[in-house]
Amino acid sequence: MLYADLVRPLLFRLDPERAHDLVMAGTARLARLPLLCKLVHALARPKPTPVKALGLTFPNPVGLAGGMDKNARAPFAWWAFGFGFVELGTVTPKPQPGNDRPRMFRLPAEEAVVNRMGFNNDGAEAVAGRLAEQAKRGLRPPFPVGMSVGKNKDTPAERTADDYATAAAVLAPHSDFVTVNVSSPNTPGLRSLQTPEWLTKLVTVVRAASGAKPVLVKVAPELDGADLDAALDAVMAAGAAGVIGTNTLGCLAPNGEPAGKSGRPLRDISPRRVEAIRRRVGPAACVIGCGGIDDVYSARRMLDAGADLIQIYTGLVYRGPFLPAVITRGLSK
Ligand SMILES: Cc1cc2nc3c(=O)[nH]c(=O)nc-3n(C[C@H](O)[C@H](O)[C@H](O)COP(=O)(O)O)c2cc1C
């Protein structure tokens with residue numbers, strides 16, 4: 001109520017990326033204050049509903065999706081709001097600024113967000129350093145922390161696998177699992193890495209670079225039917241521990257450039273992909289459902305479709321930071 005009536009109207013008067021930067025700055029500040037994080041966690045009252053997956057224990061199945069905290073600035077704060085895990089990144093080997101602004105847009109009538117960020121991030125070394133510093137200072141949250149890796153925009157196609165391996169090698173020691181992002185529509189050519197040949201190569205090199213850490217692959221909602229089955233077969237044969245479905249829907253930004261749409265428009269598509277993924281990968285693999293989750297109903301639907309865990313990004317924009325805690329309570333009823 002407080003968020004919808006007071007905070008959201010104020011944030012929505014700002015440019016979307018400026019609002020995001022403000023929220024991230026506040027969240028990062030909170031993450032440096034462990035006592036306050038514990039207080040916020042107590043107020044949020046997430047319902048403990050442990051899930052065992054990827055050889056890890058998740059305090060609840062509701063996670064933060066990739067792209068919100070690209071630079072690992074606030075993992076402890078995400079725990080405070082009631083999340084059961086977080087996926088940080090996507091991080092590339094070298095730092096890069098991403099696309100020119102404006103590159104984030106709200107579509108309030110659709111309860112959606114359109115973005116063409118282009119993997120803006122601080123680079124693998126800086127992010128690894130931040131995670132090491134947090135661990136040293138007791139600011140590592142008591143839940144699994146995943147890391148999404150990708151390629152730099154200016155890396156030539158033939159060096160693609162090196163980029164994924166480099167980012168994974170630097171970041172896996174600080175993470176509980178690693179995800180291979182081949183499904184962002186905002187980096188030229190990235191989605192063409194969803195062929196069986198590329199997926200076999202990428203999962204193989206990222207696994208080798210990640211030690212014993214589980215590796216997952218995140219797929220696009222457009223990947224469907226026989227193409228999805230072939231991709232999943234390759235991913236699982238190469239030893240991936242699971243799959244995340246889905247990333248954003250490909251669309252055009254107001255300036256006509258390729259972008260991705262998230263939120264409500266994914267509400268029907270993503271659970272259908274999750275159902276297809278679960279059917280193909282079998283019961284042993286971990287399936288994470290993502291896309292259009294913004295209430296207990298959509299969360300339940302994703303779990304019923306076969307997801308072990310779920311993730312949220314755009315729902316936070318429209319429903320506020322305590323959405324994960326609300327969902328955990330609703331799911332347990
Ligand atoms: C602004 C923005 C940036 C994103 N950046 C990433 C990213 O870096 N890596 C990634 O795997 N997904 C990224 N995503 C996709 C989300 O993780 C998620 O898959 C997608 O938004 C669908 O979930 P939602 O409907 O809950 O937002 C981004 C989404 C948004 C809105």
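Me: Which strands each supply at least two residues of the shell around the ligand?

Reply: Welcome! Keep in mind that this is a predicted model. The strands to look for are β4 (85–91), β6 (112–115) and β12 (258–263), and each of them gives at least two residues to the shell around the ligand.

Me: How many residues surround the ligand, and which are the closest?

Reply: The ligand is surrounded by 23 residues. The closest are Gly66, Thr90, Lys218, Gly292 and Thr314. You can also sort the shell by class: seven residues are nonpolar, 14 are polar and two are charged.

Me: Which backbone atoms should I look at beside the oxygen atoms of the ligand?

Reply: Start with Gly66, where a backbone N or O atom is 2.7 Å from an oxygen atom of the ligand. Then go to Tyr313, whose backbone N or O atom lies 3.0 Å from a ligand oxygen. At Thr246, a polar backbone atom and an oxygen atom of the ligand are 3.1 Å apart. Now look at the ligand's surface: taken alone, the ligand exposes 610 Å², and the protein buries 98% of that.

Me: Let me stay with Thr246. Where does Thr246 lie, and is Thr246 buried or exposed?

Reply: Find the loop between β10 (242–245) and β11 (249–252), and you have found Thr246. The relative accessible area of Thr246 is 1%, so Thr246 counts as buried, the cut-off being under 20%. The side chain of Thr246 also makes a polar contact of 2.9 Å with the side chain of Ser270.

Me: Is the peptide bond from Gly245 to Thr246 cis or trans?

Reply: The angle to read is omega. For the bond from Gly245 to Thr246, omega is near 15 degrees, and the bond is cis. Another cis peptide bond links Gly89 and Thr90, with omega at about 15 degrees. Thr90 sits in strand β4, and Thr90 is one of the closest residues to the ligand.

Me: What joins the side chains of Ser262 and Thr314?

Reply: A polar contact of 2.7 Å joins them. Ser262 belongs to strand β12. With a relative accessible area of 11%, Ser262 is buried, because that value is under 20%.

Me: How does one look for empty space in a structure?

Reply: The general idea is to roll a probe the size of a water molecule over the atoms, which shows where empty space is left. In this structure, the search finds one cavity of 30 Å³ or more. The largest cavity has a volume of about 40 Å³.

Me: Which residues line the largest cavity?

Reply: The lining is made of Glu111, Gly263, Arg264, Gly292, Ile293, Asp294, Thr314, Gly315 and Tyr318. Helix α11 (residues 314–319) gives the largest share, three residues. By class, the lining has two nonpolar, four polar and three charged residues.

Me: What about the second largest pocket: how much space lies in it, and which helices each supply at least two residues of its lining?

Reply: The second largest pocket holds about 160 Å³ of space. Helices α2 (16–31), α4 (75–80) and α5 (124–136) each supply at least two residues of its lining. The most comes from α5, with three residues. Among the lining residues are Ala28, Arg73, Phe76 and Glu133. The lining divides into five nonpolar, one polar and five charged residues.

Me: Glu111 was in the cavity lining. What is phi of Glu111?

Reply: Phi is a backbone angle to check for its sign. Phi of Glu111 is near 50 degrees, a positive value in a residue other than glycine. Glu111 is in the loop between β5 (104–107) and β6. At 22% relative accessibility, Glu111 is partly exposed, because this value falls between the cut-offs of 20% and 50%.

Me: What is phi of Phe119, and where does Phe119 lie?

Reply: Phe119 is not a glycine, yet its phi is positive, at about 55 degrees. Look for Phe119 in the loop between β6 and α5. Phe119 counts as buried, with 4% relative accessibility.

Me: To finish, is Glu275 buried or partly exposed?

Reply: Glu275 is partly exposed, with a relative accessible area of 40%. Its place is in helix α9 (residues 269–281). Glu275 and Arg301 are 26 residues apart along the chain, and their C-alpha atoms are separated by 10 Å.

Technical notes: Residues are numbered from 1 along each chain as its sequence is written. This is a predicted model: local features need pLDDT of at least 70, side-chain atom pairs count only at pLDDT 80 or more; totals for chains, interfaces and linings use all residues. Side-chain values use heavy atoms; hydrogens and water are left out. A residue is near a molecule or strand if one of its heavy atoms lies within 4 Å of it. A polar contact is a pair of N or O atoms within 3.5 Å; within protein, one must be able to donate a hydrogen and the other to accept it, and residues adjacent in sequence count only if both atoms are side-chain atoms. Accessible areas come from the Shrake-Rupley method with a 1.4 Å probe; for residues, only the protein chains shown count as cover. Helices (H or I, at least four residues) and strands (E, at least two) are DSSP runs, numbered from the N terminus. Ala, Val, Leu, Ile, Met, Phe, Trp, Tyr, Cys and Pro count as nonpolar, Asp, Glu, Lys and Arg as charged, and the others, Gly among them, as polar. On a 1 Å grid over the protein atoms alone, a cavity is a set of points where a 1.4 Å probe fits but cannot get out, and a pocket is an open set with protein on both sides within 12 Å along at least five of seven lines; lining residues have an atom within 4 Å of a point. Grid points are joined across faces, edges and corners, and a volume is the space filled by probe spheres set on the points. Buried means under 20% relative accessible area, exposed over 50%, partly exposed in between (1.4 Å probe, protein chains only).
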